[in-house]
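User: Please take a close look at one part of this structure, the packing of a single helix against its surroundings, and set it out as one connected account.

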Amino acid sequence: MSGSPLTRRGPLLIIEDDPGIRDALSGLLEEAGFHVAAAANGKEALQVLACLGLPCLVLVDLWMPLMSGDEFISRLKEHPSRCRLPVVAMTASESPAPVGVEACLRKPFAPSALLELVRAHCTRK
């Protein structure tokens with residue numbers, strides 16, 4: 001990442017199929033003062049975005065049922081008002097990060113690494 005991105009108000013969106021991980025990430029970020037929306041897969045995330053508006057950041061797991069993180073990112077970037085949204089991929093894979101992501105968090109990652117990325121893009125409530 002070059003420079004410091006502008007921070008925006010608004011919720012951040014977590015897309016993670018594992019309910020334990022999704023709840024843990026949501027809890028950590030809410031305790032840190034951020035508003036969080038969550039979805040269990042890419043298909044559900046597109047529905048959440050239709051109601052939510054533009055989040056300050058999207059955290060997306062790459063391996064999910066129904067619609068993978070890669071497919072979600074492609075669909076997100078096709079939409080003119082959403083194509084510039086910052087996206088952080090979360091994965092245990094050593095594969096290169098997909099095109100269109102701001103950063104890639106390799107699982108397991110430290111909570112401090114997640115908080116640093118979120119703080120760079122989102123202002124607190």
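**Helix 2 and its surroundings**

Analyst: In this predicted model, Gly42, Ala45, Leu46 and Leu49 of helix 2 meet Phe72, Arg75 and Leu76 of helix 3. Sorted by class, the contact of helix 2 with helix 3 has five nonpolar, one polar and one charged residues. Two packed helices are described by the angle between their axes and the distance between the axes. For helix 2 and helix 3, the axes come within 9 Å and cross at roughly 30°. Angles under 35 degrees count as roughly parallel, and helix 2 is therefore roughly parallel to helix 3.

The burial pattern of helix 2 can be set beside this contact. Helix 2 comprises residues 42-52, and its buried residues are Gly42, Ala45, Leu46, Val48 and Leu49. Because these residues cover an arc of only 165° around the axis, they lie on the same side of helix 2. An α-helix has 3.6 residues a turn, so residues three or four places apart point the same way. On the other side of helix 2, Gln47, Ala50 and Cys51 are exposed. The cover over the buried residues of helix 2 includes strand 1 (12-15), strand 2 (36-39) and helix 3 (69-78).

Strand 2, one of the elements in that cover, contains Ala37. With a relative accessibility of 13%, Ala37 counts as buried, because the cut-off for burial is under 20%. Apart from its neighbours within four places in sequence, Ala37 is in contact with Leu12, Leu13, Ile14, Val48 and Leu52. Among these partners is Val48, one of the buried residues of helix 2. The C-alpha atoms of Ala37 and Leu85 are separated by 15 Å, and the two residues are 48 residues apart along the chain.

Helix 3 can be examined in the same manner. Its buried residues are Gly69, Phe72, Ile73 and Leu76. They cover an arc of only 100° around the axis, which puts them on the same side of helix 3. Phe72 and Leu76 are also among the helix 3 residues that meet helix 2. The cover over the buried residues of helix 3 includes strand 1, helix 2, strand 3 (57-61) and strand 4 (87-91). Helix 2 and helix 3 are thus each named in the cover of the other, and strand 1 appears in both lists.

Strand 4, one of the elements covering helix 3, includes Thr91. Thr91 is buried, with a relative accessible area of 1%. Leaving aside its neighbours within four places in sequence, Thr91 is in contact with Leu62, Trp63, Cys104, Leu105, Arg106 and Lys107.

Lys107 also appears among the contacts of Ile21: with neighbours within four places in sequence set aside, Ile21 is in contact with Glu16 and Lys107. Ile21 lies in helix 1 and, at 33% relative accessibility, counts as partly exposed.

Helix 1 (residues 19-31) supplies a second helix pair, with helix 4 (residues 111-121): their axes come within 11 Å and cross at roughly 60°. Helix 1 and helix 4 are therefore oblique to each other, and their crossing is right-handed. Leu25, Leu28 and Leu29 in helix 1 meet Pro111, Leu114, Leu115 and Val118 in helix 4. By class, this contact has seven nonpolar, no polar and no charged residues, whereas the contact of helix 2 with helix 3 includes one polar and one charged residue.

Definitions and conventions: Residues numbered from 1 in each chain as written. Predicted model: local features only at pLDDT ≥ 70, side-chain atom pairs only at ≥ 80, totals over all residues. Heavy atoms only, no water. Axes fitted to C-alpha atoms, helices over the stretch in contact; angles between N-to-C directions. Helix = DSSP H or I, 4+ residues; strand = E, 2+ residues; numbered from the N terminus. Parallel < 35°, antiparallel > 145°, perpendicular 65-115°, else oblique. Left-handed = near helix turned anticlockwise from the far one by under 90°. Contact = heavy atoms within 4.5 Å. Nonpolar A, V, L, I, M, F, W, Y, C, P; charged D, E, K, R; others polar. Buried < 20%, exposed > 50% of the residue type's maximum accessible area, 1.4 Å probe, protein only. Arc of directions from axis to C-beta.
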